[in-house]
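This report describes the fold and selected side-chain interactions of one protein chain. It proceeds from individual residues to helices, charged pairs and nonpolar cores.

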Amino acid sequence: MRDLGRTRRRMRAMVRELDLPQLSTVEELCAAVADRSGRSVRLVPRRMRVDEPSGFVERRAESDVIYFEQETSDLHQAHIICHELAHLLCGHLAEAPAADEDTAHVELPTIDADMIRLVLGRSHYDGAAEEEAEILGAELTRILVLAPGAGTTSQLAPALEHRKGQHV
């Protein structure tokens, strides 16, 4: 049985080691992760299929692309993105193969290109990797939600405030 307390402490230490400035947007968090890794991180909203996860990372030769469900709330999108960033920060993805001429021109007309990207972009994580990504993703989301400013998730706080004796 895994020690969740130890995993949480390790993930919180990782967030502190990132030494992130107070962030107000997911995009700023992506930029901080890109600076740390030396690889650009691009966000791509899309409508996920029923059998797909709500988000996944495609590791390309020079960059990482995070696909996330576009048909959900801003807060849920932020959490999905943070979870995928956590996989990157924890080193759960294998290095992308170098682009070479032979593999760049393979044609598989009977297999859906999106499904190929899904399978190649995400390894089969074990339970420990998913647990780490979920804990670190939650910590990163918490930073965004509590960050001041006009960012997407920081707008949540006023919506949850107790106003003039009325529960919102």
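## Thr25 and the loop before α2

Thr25 has a relative accessibility of 18% and therefore counts as buried, the cut-off for that class being under 20%. The model examined here is a predicted one. Thr25 is located in the loop that connects α1 and α2. A polar atom of the Thr25 side chain lies 3.0 Å from the backbone nitrogen of Glu28.

## Overall architecture

The protein chain contains 7 helices and 3 strands. Along the sequence, these elements occur in the order α-α-β-β-β-α-α-α-α-α.

The chain has 168 residues, of which 41% are buried. Of the contacts between residues at least 6 apart in sequence, 64% join residues at least 24 apart.

## Helix α1

Helix α1 comprises the 15 residues from 4 to 18. At 1.5 Å a residue, a span of 21 Å is expected, and the C-alpha atoms at the two ends are indeed 21 Å apart. The buried residues of α1 are Thr7, Met11, Met14, Val15 and Leu18. Viewed down the helix axis, the buried residues fall within an arc of 100 degrees, so they line one face of α1. Arg6, Arg9, Arg16 and Glu17, on the other side of the helix, are exposed.

Both ends of α1 have distinct local features. At the N-terminal end, Asp3 acts as a cap, with a side-chain oxygen 3.1 Å from the backbone nitrogen of Gly5. Just after the helix, Asp19 adopts a positive phi of about 50 degrees.

## Salt bridges

In the whole structure, 9 salt bridges are found. Side chains of opposite charge can pair when their charged atoms come close. One of these pairs joins Asp64 and Arg59, whose closest N and O atoms are 2.7 Å apart. Asp64 is buried, with a relative accessible area of 1%, and Arg59 also counts as buried, at 15% relative accessibility. Glu58 pairs with Arg60, the closest N and O atoms being 3.2 Å apart. In that pair, Glu58 is buried at a relative accessible area of 11%, whereas Arg60 is partly exposed at 31%.

A further salt bridge links Arg142 to Glu139, with 2.9 Å between the closest N and O atoms. These two residues are 3 positions apart in helix α6 (residues 127-146), which means that about one helical turn separates them. An α-helix has 3.6 residues a turn, so residues three or four places apart point the same way. Glu139 counts as buried, at 9% relative accessibility, while Arg142 is partly exposed, with a relative accessible area of 43%. Arg12 joins Glu139 and Arg142 in a network of salt bridges.

## Nonpolar cores

Which residues of the largest nonpolar core touch the most other members? Among its 30 residues, these are Leu29, Val41, Leu85, Leu136 and Leu140. Two or more residues are contributed to this core by each of α1, α2 (26-37), β3 (63-69), α3 (74-90) and α6. The greatest contribution is from α3, which gives 9 residues.

A second core, separate from the largest, has 5 residues, including Val44, Met48, Phe56 and Val65. Returning to Leu136, its contacts beyond four places in sequence are with Met11, Met14, Val15, Ala86, Leu89 and Cys90. Of these partners, Met11, Met14 and Val15 are among the buried residues of α1.

## Glu52 in the loop between β1 and β2

Glu52 is situated in the loop between β1 (40-46) and β2 (55-59). Is this residue buried or exposed? Glu52 is buried, with a relative accessible area of 9%.

The side chain of Glu52 makes a polar contact of 3.1 Å with that of Arg46. Glu52 and Glu69 are 17 residues apart along the chain, and their C-alpha atoms are separated by 9.7 Å.

How values were computed:
Residues numbered from 1 in each chain as written. Predicted model: local features only at pLDDT ≥ 70, side-chain atom pairs only at ≥ 80, totals over all residues. Heavy atoms only, no water. Expected span 1.5 Å × (residues − 1). Buried < 20%, exposed > 50% of the residue type's maximum accessible area, 1.4 Å probe, protein only. Arc of directions from axis to C-beta. Polar contact = N/O pair within 3.5 Å; in protein donor to acceptor, adjacent residues only side chain to side chain. Salt bridge = Lys/Arg side-chain N within 4 Å of Asp/Glu carboxyl O. Core = buried A, V, L, I, M, F, W, Y, C linked by side-chain atoms within 4.5 Å. Contact = heavy atoms within 4.5 Å.
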